[in-house]
Amino acid sequence: AVAADRASGRFLRDAGAVGEVRFHGEHFDVEGRSTVPRSPQGRPVIIQAGDSDEGREFAAAHADVIFTPHGSLEDGRRFYADVKRRLSRHGRRPDQLKIMPGATFALGDTEEEAAANAAAIRRAQVGPQTAIAFLEQVWGRDMSAYDPEGPLPDVEPDLSEGVSQGRVAIKDRAAVAAKWRALAEEKHLSIRELVIEVTGRQTFVGTPETVARQIDEHVQAEAADGFILVPHLTPGGLDDFVDRVVPILRERGAFRTHYTGSTLREHLELT
Ligand SMILES: Cc1cc2nc3c(=O)[nH]c(=O)nc-3n(C[C@H](O)[C@H](O)[C@H](O)COP(=O)(O)O)c2cc1C
């Protein structure tokens with residue numbers, strides 16, 4: 001709904017002194033006084049999550065930060081260039097919109113330990129029931145009779161109606177099913193292993209040194225301005241990162257050693 005209403009973005013930007021609020025637009029019709037005091041940062045940081053052409057343009061016009069799934073180096077560089085290029089059309093500088101992919105991570109003392117850690121996390125995230133539920137999103141039928149630790153059954157997907165996979169609808173389920181089947185056969189995967197394989201892996205896997213280097217490289221290569229870390233455990237899931245990766249990022253000059261402001265807007269170096 002927000003993406004549909006460019007007027008709402010203008011409303012947030014132009015609201016000078018909070019107190020009097022007067023806005024008449026296609027989607028909002030507001031007039032009155034706010035009793036909420038103005039925040040120290042003046043206006044909230046607007047973080048946009050959308051990926052379509054329209055969504056990117058909306059972010060270029062109004063957002064301070066884009067939260068994006070484009071976290072790999074090549075994909076990130078493409079997305080970064082595309083979005084930054086749009087800003088001048090809206091009279092904005094490239095540094096006025098920060099591009100921050102969501103990123104997951106798995107650490108270890110060695111690369112092997114990190115890889116084993118990453119695999120254990122994915123296995124815990126995709127339990128037997130989750131695996132079957134994922135399969136059902138694509139197959140469009142009750143798959144609960146099948147053993148998640150067994151092979152993909154020889155049953156065809158039911159394509160009669162659309163199934164929505166949470167927030168992302170799978171557009172071509174027949175094609176996805178065919179791809180999954182080919183992958184399962186090629187790698188001899190069980191249903192659960194297949195779902196683990198196709199539902200993504202951690203963005204950064206390695207020792208604290210490799211992870212810090214990769215993050216820095218992404219920023220230097222203009223694939224991101226920073227990352228929104230998504231720990232696999234809450235609470236406590238960031239502790240390891242803070243204790244082990246942040247010091248190395250600081251040594252590299254890639255992370256602040258002290259705060260220069262007190263608001264999120266200032267931490268993000270937004271003006
Ligand atoms: C990285 C990312 C994270 C998102 N997270 C959520 C979410 O947590 N909840 C939600 O309802 N929609 C979420 N969305 C959906 C967007 O808010 C938006 O509705 C959707 O992407 C449609 O915009 P688009 O057509 O420009 O992509 C997310 C989208 C992206 C790209």
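**Ligand shell, hairpin and domains**

The shell around the ligand consists of three nonpolar, four polar and two charged residues. The model described here is predicted. This briefing covers the ligand site, a pair of strands and the division into domains.

**Ligand site**

- Nine residues surround the ligand, and those that come nearest are Ala 49, Asp 51, Ser 52, Gly 55 and Phe 67.
- The side chain of Ser 52 places an N or O atom 2.6 Å from an oxygen atom of the ligand.
- For Asp 51, a backbone N or O atom is found 2.7 Å from a ligand oxygen atom.
- Ala 49 has a polar backbone atom at 3.0 Å from an oxygen atom of the ligand.
- The protein buries 49% of the 610 Å² that the ligand exposes when taken alone.

**Strands β1 and β2**

- Strand β1 (residues 20–24) and strand β2 run antiparallel and are joined by five bridges.
- One pairing between these strands links Arg 22 to its bridge partner in β2, Glu 31.
- The connection from β1 to β2 is a hairpin of four residues.
- Strand β2 (residues 29–33) lies largely in the open, because zero of its five residues are buried, where buried denotes under 20% relative accessible area.

**Domain division**

- Domain 1 comprises residues 6–104 and 208–267, while domain 2 spans residues 127–198.
- Taken over C-alpha atoms, the centres of domain 1 and domain 2 are separated by 34 Å.

How values were computed: Residues numbered from 1 in each chain as written. Predicted model: local features only at pLDDT ≥ 70, side-chain atom pairs only at ≥ 80, totals over all residues. Heavy atoms only, no water. Buried < 20%, exposed > 50% of the residue type's maximum accessible area, 1.4 Å probe, protein only. Helix = DSSP H or I, 4+ residues; strand = E, 2+ residues; numbered from the N terminus. Pairing = 2+ DSSP bridges. Domains from an automatic or database assignment. Near = heavy atom within 4 Å. Polar contact = N/O pair within 3.5 Å; in protein donor to acceptor, adjacent residues only side chain to side chain. Areas by Shrake-Rupley, 256 points an atom, 1.4 Å probe, with all protein chains shown as cover. Nonpolar A, V, L, I, M, F, W, Y, C, P; charged D, E, K, R; others polar.
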